[in-house]
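The exercises below are to be worked with the sequence and the model open. Each task is followed by a solution in steps.

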Amino acid sequence: MKHKGNLSLIFVISALIIFAASCSEKKFKIKGEIYGAEDQSIILEKSDYSGRWLPVDSTRIGHNGDFSFKFPSPAAPEIYRLSLDRKYIYIPIDSTETINVSSSLAGFGTDFTLSGSRNAELAEQFDKEVNSFSSINSDSIESFKRGIYSKYMKDSQGSIISYYILTKTVNGKPIFDVAKDSDAKYFAAVATGYKSLRPDDPHTAILEQTSLNALKRKNNNQGNFLEMPADEITMIDIELPDETGENVALSSIAGKGKPVVVIFSLLTHPDSPALNIELAKIYNRLNGKVEFYNVALDPDQYSWRDAARNIPWITVYAPGEFNASAAVHYNVYSLPTFFLINSQGELISRHETIQDLDKSLN
């Protein structure tokens, strides 16, 4: 009996320790009302560093339109999003804040209010401003971007809001385009702020790498050659799983003495077999003198894996279509898109057609 009593006491103490630990865990809360969406399921999602939006929690909206999430705080500030009926509301989270959301099923993603933190209010204001901007005039677009930078980013460098805005895409196209010389300064400013204020934040390395390549390309386009230390990154690296589930980094083959073609495509698209036949002709003709690194943005991982097994070059998976971080960093807004990296590991050209790629390789 004494032995059983000791076990019971140990069990009670262990349970109390676990309960106390769970109570002390830092959490944030997102709650509110979505009118007209009663009894529907709403999902909380978070992006990984490959740009994939992954569900982390879900709940059912109540009879009064109310819902609530409570989730462990991220180690560094992050952007989460609420997903409902294939529409999204993006919410910045710093730590333990409580964010209030008000919207309707019809207006979800476009007509909503956020409160509870300054960043949430800025995210709402920015998204609504982007949604209302419709000009296609280049001067108006540049003026719009300058206004966005001044209003939301200039004084909040190192903030997750700056990162969110810098990587925001609309209809598959980025607002701030890393491939444009005129936008290089925005990436450099935000990267500098992150490096100064958040050196250990995972977003810092991504911003530094992107900014460095944008600055180098800008200088080369202007005839100025940017001198860089030998250990400086000269391309935007990608590391994603192949069809066996093993992560393969672009840097494992780039800069190793052979040119590398980075391919963004959909392997399960009806036109993909014809494209791969043309790519195979180039690959076989060059007979080991060039490497291919194929980033597949297919929505269905299982169908992609079946297709990838029949391809002789490296194929990796980045679900999320144009929202995948690899696609965002390379400013991919149409498929297929090809990039050529020279034997020294420098990104030297971009091509929208296989014919242009072939000419460049020749």
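Of the 362 residues in this predicted model, 46% count as buried. The protein has ten helices and 17 strands. Its accessible surface comes to about 18400 Å², and carbon and sulfur atoms hold 52% of that area. Among contacts with a separation of 6 or more, 57% join residues 24 or more positions apart.

**Exercise 1. Place Ile30 in the fold and decide whether it is buried or exposed.**

Solution.
Step 1: Find the element. Ile30 belongs to strand β1, residues 27-35.
Step 2: Check the accessibility. The relative accessible area of Ile30 is 0%. The cut-off for buried is under 20%, so Ile30 is buried.
Step 3: List the neighbours. Leaving aside residues up to four places away in sequence, Ile30 touches Leu44, Phe67, Ser68, Phe69, Leu82, Ile91, Ile93, Ile99 and Val101.
Step 4: Take one of these neighbours and compare sequence with space. Ile30 and Phe69 lie 39 residues apart in sequence, yet their C-alpha atoms are 5.1 Å apart.

**Exercise 2. Work out the strand order of the sheet that contains β1, and name its edge strands.**

Solution.
Step 1: Write down the order. The sheet is open and has four strands, β4-β1-β7-β8, with mixed pairing.
Step 2: Identify the edges. β4 (66-72) and β8 (112-115) each pair on one side only.
Step 3: Give the twist. From one strand to the next it averages 15 degrees.
Step 4: Look at one pair in detail. β1 and β4 run antiparallel and are joined by seven bridges. Within this pair, Lys31 has Ser68 of β4 as its bridge partner.
Step 5: Add the helix. α2 packs on the sheet and touches β7 (98-104) and β8. The direction of α2 makes about 155 degrees with that of β8.

**Exercise 3. Do the same for the sheet that contains β5.**

Solution.
Step 1: Four strands make an open sheet in the order β3-β2-β5-β6, with antiparallel pairing.
Step 2: The edge strands, each paired on one side only, are β3 (53-60) and β6 (87-93).
Step 3: On average, neighbouring strands here are turned by 25 degrees against each other, direction ignored.
Step 4: β5 (residues 78-84) pairs with β6 in the antiparallel sense over seven bridges. Tyr80 has Ile91 of β6 as its bridge partner.
Step 5: Return to Exercise 1. Ile91 is also among the residues that Ile30 touches.

**Exercise 4. Classify the packing of α3 against α2 and against α5.**

Solution.
Step 1: Choose the descriptors. Two packed helices are described by the angle between their axes and the distance between the axes.
Step 2: Take α2 (residues 118-132) with α3. Their axes come within 12 Å and cross at roughly 170 degrees. Angles over 145 degrees count as roughly antiparallel, and α2 is therefore roughly antiparallel to α3.
Step 3: Name the contact residues. α2 supplies Leu122, Gln125, Phe126, Glu129 and Val130, and α3 supplies Phe144, Ile148, Lys151 and Tyr152. By class, six are nonpolar, one is polar and two are charged.
Step 4: Take α3 (residues 138-153) with α5 (residues 184-197). The axes are 11 Å apart and the angle is about 10 degrees. Angles under 35 degrees count as roughly parallel, so α3 and α5 are roughly parallel.
Step 5: Name these contact residues too. They are Lys145, Arg146, Tyr149 and Met153 of α3 with Tyr186, Ala189 and Val190 of α5. Five are nonpolar, none is polar and two are charged.

Methods. Residues numbered from 1 in each chain as written. Predicted model: local features only at pLDDT ≥ 70, side-chain atom pairs only at ≥ 80, totals over all residues. Heavy atoms only, no water. Helix = DSSP H or I, 4+ residues; strand = E, 2+ residues; numbered from the N terminus. Buried < 20%, exposed > 50% of the residue type's maximum accessible area, 1.4 Å probe, protein only. Contact = heavy atoms within 4.5 Å. Areas by Shrake-Rupley, 256 points an atom, 1.4 Å probe, with all protein chains shown as cover. Axes fitted to C-alpha atoms, helices over the stretch in contact; angles between N-to-C directions. Parallel < 35°, antiparallel > 145°, perpendicular 65-115°, else oblique. Nonpolar A, V, L, I, M, F, W, Y, C, P; charged D, E, K, R; others polar. Pairing = 2+ DSSP bridges.
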